[in-house]
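Please examine the model below, beginning with the surroundings of the ligand and then turning to the packing of two helices.

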Amino acid sequence: MELHDAIYGRRAVREYLPKPIDQSVIKSLIDAAIQAPSAVNQQPWTFTVVRNERVLDQLSRESKAHMLKSHPGIRESDHFHSLNDPHFQIFYHAPVLIIISAIAPAPWFVEDCALAAQNLMLAAYEEGLGSCWIGFAQGYLNTPEGKALLGFPISCAPVAPIIIGEPKGETKPVARKEAQIRWVS
Ligand SMILES: Cc1cc2nc3c(=O)[nH]c(=O)nc-3n(C[C@H](O)[C@H](O)[C@H](O)COP(=O)(O)O)c2cc1C
C-alpha cells in the first residue's frame, strides 16, 4: 500500500466483527510500531495485548466510572453522553486492545508512544484492519487500580490504548478543518 493511501484512508473504526486476530498479525503491527522515532532513541515503550472479553468489559466499566467521577460535568456533555449508557463498551467490542505504555516516565515518553501508536494504526490499516485510540481508558489505566487490573508495574505509564479488529463495514471520513498556517518571514 502507498503511504499516501494509508494516511488518507485510515479511519477511527467503531464497529467490529467478532473475529479474533492472529498473534502473528498483532506481532507485525507491534513491529511496525517500534520503527517509530523516539527521543534520544530511548524506545521507552512496552506493549500490552488484551484479548479477554471479560477483562475488556471490566476495564470499560471502570474507565467510565473513573471518567464520570473525575470530570463530573461530563455527564451533561453531548459529546460524552454515551458514558451514561451502562451498555456502552468503550472498546466497541473490538477483539484486541493494545496498550502502548512507557516502561517508566522519561522525557518525551508521551510523544514517543504516540508516534508508535500512529505507526501501529497505519500498519493495521494496511492489513485491512480497523483501529481507534481509546482516550476514555487513559485516566483509569493510570490509576494504581487500573495498573493492578492489567498487572502493570506501578512505574509504568500507559499512554495509548488502541483497539484493533476487522471492521464491520465502511467508516465515513471525518471532515478536516482547514490547516492554519502562519508563514514567518
Ligand atoms: C488521543 C485520542 C483519543 C481518542 N479517544 C477516543 C475515544 O475514547 N473514543 C473514540 O471513539 N474515539 C477516540 N478517538 C478517535 C477520534 O475521535 C478520531 O480520531 C477523530 O474523530 C478523527 O477521526 P478519524 O480518526 O477517522 O480521522 C481518539 C483519538 C485520539 C487521537
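A polar contact is taken here as a pair of N or O atoms within 3.5 Å. The model under discussion is a predicted one. By that criterion, a polar side-chain atom of Tyr92 is in contact with an oxygen atom of the ligand, at 2.5 Å. Two arginines also approach ligand oxygen atoms: for Arg14 the distance from a polar side-chain atom is 2.7 Å, and for Arg11 the corresponding distance is 2.9 Å. Of the 620 Å² of accessible area that the ligand has on its own, the protein covers 67%.

These three residues belong to a wider shell around the ligand, which also includes Arg10, Ala12, Cys132, Trp133, Ile134, Gly135, Phe136, Val174 and Arg176. By residue class, the shell comprises seven nonpolar residues, one polar residue and four charged residues.

The second feature is a pair of helices. Helix H2, spanning residues 23–33, packs with helix H4, spanning residues 109–126, at an angle of about 135 degrees, and their axes are 7 Å apart. Because of this angle, H2 is oblique to H4. The crossing in which H2 passes H4 is right-handed.

Notes. Residues numbered from 1 in each chain as written. Predicted model: local features only at pLDDT ≥ 70, side-chain atom pairs only at ≥ 80, totals over all residues. Heavy atoms only, no water. Near = heavy atom within 4 Å. Polar contact = N/O pair within 3.5 Å; in protein donor to acceptor, adjacent residues only side chain to side chain. Areas by Shrake-Rupley, 256 points an atom, 1.4 Å probe, with all protein chains shown as cover. Nonpolar A, V, L, I, M, F, W, Y, C, P; charged D, E, K, R; others polar. Axes fitted to C-alpha atoms, helices over the stretch in contact; angles between N-to-C directions. Helix = DSSP H or I, 4+ residues; strand = E, 2+ residues; numbered from the N terminus. Parallel < 35°, antiparallel > 145°, perpendicular 65-115°, else oblique. Left-handed = near helix turned anticlockwise from the far one by under 90°.
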